[in-house]
Amino acid sequence: MSDHKFDFPKTTVRQVVLAVLGGLFAPLLVIVMIVRLLIGIEASHIPDTDPKAAAAKVEERIAPVAKVDLATVETGPHVNKSGEEVVKAVCSACHAVGALGSPKIGDKASWAPRISQGYETLVKHAIAGIRSMPARGGNADLTDGEVANAVAYMANQAGANFKAP
Ligand code: HEC
């Protein structure tokens, strides 16, 4: 075994400079580049400074994917139901059996004094309601025309001769 003492080569100034450049400046350069990149990305963002525009953007982002416009689906031209249809669907709930003291359909005796008031008055009472008789028979969706149809239909069952509009 030879007693070889390893001889470190002398570092030159040039080597020191290179080492410092490589070990210190190269990473520094990379860091500077990354920072500049991040600043660049941030600068390319347009800030939503206008609160209205920002709110609009949020609305746009959270808007439902699909919208179904029920109003346009449901409404077409409204066709008034006939007196018979309205009476069957709404008025007969009370008037078929004389509930709450209502004049029963076809009962001439109880309808006669009411019929004598005239068609217009009866329609007015049926639309606005009178005593225990609810407005529009309790169905607010009925049009004035439909109520008038129903009044004519019911009163005519009891001997009147009203013509629905
Ligand atoms: C909740 C029960 C009820 C329903 C539903 C109902 N009515 Fe009546 N109606 C009454 C009662 C009770 C009276 C009697 C009111 C009174 O004179 O005290 C009456 C009275 C009437 C009269 C006579 C009013 C007058 O001036 O003498 C007409 C007309 C009438 N109803 C039409 C209708 C029509 C049309 C409908 C359906 C659209 C309808 N009613 C649905 C309870 C009802």
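**The iron site and its surroundings**

In this predicted model, the iron atom of the ligand sits in an octahedral site, in which the angles among its 6 donor atoms run from 87 to 180 degrees. For comparison, ideal angles at a metal are 90 or 180 degrees when six donors are arranged octahedrally. The protein takes part in this coordination through H95, by its atom NE2, and through M133, by its atom SD, at 2.0 Å. These two residues bring together distant parts of the chain, since H95 belongs to helix α4, which spans residues 83-95, while M133 lies in the loop between α6 (119-128) and α7 (144-157), and the two are 38 residues apart.

The two coordinating residues can also be described by how much of their surface is accessible. H95 has a relative accessibility of 8% and therefore counts as buried, because this value is under 20%. M133, with a relative accessibility of 24%, counts as partly exposed, because partly exposed residues are those that fall between the buried limit of under 20% and the exposed limit of over 50%.

Beyond the metal itself, the ligand is surrounded by 24 residues, of which the closest are C91, C94, H95, H125 and M133. Several polar side chains approach oxygen atoms of the ligand. In the case of H125, an N or O atom of the side chain is 2.4 Å from an oxygen atom of the ligand, and for R131 the corresponding separation between a side-chain N or O atom and a ligand oxygen is 2.9 Å. Q117 likewise places a polar side-chain atom 3.1 Å from an oxygen atom of the ligand.

H95 is connected to the protein as well as to the iron atom. From its position in helix α4, the side chain of H95 reaches the backbone oxygen of P103 at a distance of 2.8 Å. When residues up to four places away in sequence are set aside, H95 touches S102, P103, K104, I105, W111, M133 and M154, a list that includes M133, the other residue of the protein that coordinates the iron atom.

One of these contacts, S102, lies in the loop between α4 and α5, the latter formed by residues 108-115. Although S102 is in a loop, its relative accessible area is 15%, and S102 is therefore buried. A polar atom of the S102 side chain lies 2.8 Å from the backbone oxygen of A99, and, leaving out residues up to four places away in sequence, S102 touches C94 and H95. C94 is itself among the residues closest to the ligand.

The loop between α4 and α5 also holds L100, whose phi is near 60 degrees, a positive value in a residue that is not glycine. Most residues other than glycine have a negative phi. L100 has a relative accessible area of 66% and is therefore exposed, whereas S102 in the loop between α4 and α5 is buried. A positive phi is also found at R136, which is not a glycine and has a value of about 55 degrees. R136 is located in the loop between α6 and α7, the loop that also contains M133, and with a relative accessibility of 21% R136 counts as partly exposed.

Helix α7 contains A152, which counts as buried because its relative accessibility is 3%. The C-alpha atom of A152 is 7.5 Å from that of Y119, although the two residues are 33 positions apart along the chain. Y119 is also among the contacts of A152, which, apart from its neighbours within four places in sequence, include F162 and A164.

Considered as a whole, the chain contains 7 helices and 0 strands, so that its elements, read from the N terminus, follow the order α-α-α-α-α-α-α. Of its 165 residues, 18% count as buried, and the chain exposes about 13,000 Å², of which carbon and sulfur atoms supply 63%. Among the contacts between residues at least 6 apart in sequence, 53% join residues that are at least 24 apart. The pairing of H95 with M133, 38 residues apart, and that of A152 with Y119, 33 residues apart, illustrate how parts of the chain that are separated in sequence meet in the model.

Technical notes
Residues are numbered from 1 along each chain as its sequence is written. This is a predicted model: local features need pLDDT of at least 70, side-chain atom pairs count only at pLDDT 80 or more; totals for chains, interfaces and linings use all residues. Side-chain values use heavy atoms; hydrogens and water are left out. Donors are N, O and S atoms within 2.8 Å of the metal (3.2 Å for Na, K and Ca); water is not among the atoms, so sites may look incomplete. Four donors count as tetrahedral if all angles lie between 85 and 135 degrees; four count as square planar and six as octahedral if opposite donors are over 155 degrees apart and all others between 65 and 115; anything else is irregular. Helices (H or I, at least four residues) and strands (E, at least two) are DSSP runs, numbered from the N terminus. Buried means under 20% relative accessible area, exposed over 50%, partly exposed in between (1.4 Å probe, protein chains only). Contact means heavy atoms within 4.5 Å. Accessible areas come from the Shrake-Rupley method with a 1.4 Å probe; for residues, only the protein chains shown count as cover. A residue is near a molecule or strand if one of its heavy atoms lies within 4 Å of it. A polar contact is a pair of N or O atoms within 3.5 Å; within protein, one must be able to donate a hydrogen and the other to accept it, and residues adjacent in sequence count only if both atoms are side-chain atoms.
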